[in-house]
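User: I am new to this protein and would like a close look at a single part of it. Could you pick one and walk me through what surrounds it?

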Amino acid sequence: MALPGQGGSTLVLDRDAATLCDRRLLAHLARDEPAGNAALVCARYLEDANGRWCRRVQARDLLVDPLDPSHHGSQALDGLDPPDEPVDEKGVVYRLLPLPGERSAAQLRWCRRPGGVPDSDFEQVALREVIAVFESYEPMRTLTEEALARQSDEPKLLVTRLRSEFERLCASPIVLNRGLREAVLNAIDARGLSMSEIAVRCGMVKRDRHGRTSGETSWVARRIGVMPEGGETEVTPWVHIEVLALIARKGLGISPREVEVQ
């Protein structure tokens, strides 16, 4: 798989096929390298069954431009501060913090506080909720994985709840719908498709009192996150992976991988 990096670069990764986690860095390609180089790296990696080893992806990898000589070498990487305080468009700050337990050691959890109010208290928030706010898995997923690796042997700080959230996230069939939404809206603008046609292709049709059929546009709109579910006031950033695949294959005629948010 690949992730977009700094300066238009590309991170080529390996990951556990079952959990989709434990991501390993195969290569960091500069923005001017041919796209075929990623496939070449993967082919060479798969050919050498005895040499398939590479380090875990780190949050700071997302900030490094491979063409910047100041970042070359492990010493430069070690001195690079990771984005450990993601800030959303409303200025809310998110951070991994130890929260004291009533009858146990402190638990490491994701927390948030309003931006511009440094004296305000952090409140606990679920990992999945943080990802939903940004409609992106990174850098929160990598920061969480790094924190779990660092703290797993620290008896004074528990990570059981954070680890449980992380494992559920990796195994969940409910995924972000941002890529699917962008693909649908692009198909409407660039290819002249309509939501009704996309819905019909997916088998989601309705009939009026005269028996005429049309596509269930509200079904598509809810799945891609442009219309809230019934009884809700906000749209959802999530969709079931099977629904994503249905809309991608049948509705848009593209591979589901093209619309999966990595």
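Analyst: Contact, in what follows, means heavy atoms within 4.5 Å. Please keep in mind that this is a predicted model. The part I have picked is the stretch formed by α3, the loop after it and α4, and we can start with some background before going in.

The protein has nine helices and 11 strands. Of its 262 residues, 39% are buried. Looking at contacts between residues at least 6 apart in sequence, 51% join residues at least 24 apart. The largest nonpolar core holds 47 residues, and Trp110, Ile131, Tyr137, Leu180 and Leu252 are the ones with the most contacts inside it. Apart from that core lies another of six residues, including Leu11, Leu13, Leu25 and Val57.

Let us begin in α3, which covers residues 127–134. Ile131 is a good place to start, as one of the residues with the most contacts inside the largest core. Setting aside neighbours within four places in sequence, Ile131 touches Ser136, Tyr137, Met140, Leu169, Leu176 and Trp238. Trp238 also has a charge for company: the charged end of Arg128 sits over the ring of Trp238, 3.9 Å from the ring centre.

At the end of α3 we reach an aromatic pair, and a search of the whole structure finds one such pair. The partners are Tyr94 and Phe134, arranged edge-to-face, with 5.5 Å from centre to centre and 70° between the planes. Tyr94 belongs to strand β4 (residues 93–99) and Phe134 to helix α3, so the pair ties together parts that are 40 residues apart in sequence. The partners differ in how covered they are: Tyr94 is buried, because its relative accessible area is 2%, whereas Phe134 is partly exposed at 26%.

Next comes the loop between α3 and α4, which has two backbone features to look for. Glu135 lies in this loop, and its phi is near 50°, a positive value in a residue other than glycine. Glu135 is partly exposed, with a relative accessible area of 22%. Further along the loop is Pro139. A cis peptide bond joins Glu138 to Pro139, with omega at about 5°.

What comes to this loop from elsewhere in the chain? Two residues in contact with Glu135 are worth a visit: Val261 and Asn177.

Val261 lies in the segment after α9 (241–252). Val261 counts as buried because its relative accessible area is 14%, and buried means under 20%. Leaving out neighbours within four places, Val261 is in contact with Glu135, Tyr137, Leu176, Arg178 and Gly179. With Arg178, the separation in sequence is 83 residues, yet in space the two are 7.0 Å apart from C-alpha to C-alpha.

Asn177 sits in another loop, the one between β8 (174–176) and α6 (178–190). Asn177 is buried, with a relative accessible area of 0%. A polar atom of the Asn177 side chain lies 3.2 Å from the backbone oxygen of Arg223. Besides Glu135 and Arg223, the contacts of Asn177 beyond four places in sequence are Ile224, Gly225, Thr236, Pro237, Trp238 and Val239. Trp238 turns up here once more, having appeared among the contacts of Ile131.

Now we can step into α4, which covers residues 140–151. This helix has 12 residues and reaches 16 Å from its first C-alpha to its last, close to the 16 Å expected at 1.5 Å a residue. How much of α4 is covered? The helix is mostly covered, with nine of its 12 residues buried. Those are Met140, Arg141, Thr142, Leu143, Thr144, Glu145, Glu146, Ala147 and Leu148. Among the elements that cover them are β4, β5 (106–113), α3 and α5 (160–171).

For one residue of α4 in detail, take Thr144. It is buried because its relative accessible area is 0%. Away from its neighbours within four places, Thr144 is in contact with Leu96, Trp110, Leu127, Leu162 and Phe166. Trp110 brings us back to the largest nonpolar core, where it is one of the residues with the most contacts.

Note on methods: Residues numbered from 1 in each chain as written. Predicted model: local features only at pLDDT ≥ 70, side-chain atom pairs only at ≥ 80, totals over all residues. Heavy atoms only, no water. Core = buried A, V, L, I, M, F, W, Y, C linked by side-chain atoms within 4.5 Å. Buried < 20%, exposed > 50% of the residue type's maximum accessible area, 1.4 Å probe, protein only. Helix = DSSP H or I, 4+ residues; strand = E, 2+ residues; numbered from the N terminus. Phe/Tyr/Trp six-rings, centres within 6.5 Å; stacked < 30°, edge-to-face > 60°. Lys NZ or Arg CZ within 6 Å of the ring centre and 35° of its normal. Expected span 1.5 Å × (residues − 1). Polar contact = N/O pair within 3.5 Å; in protein donor to acceptor, adjacent residues only side chain to side chain.
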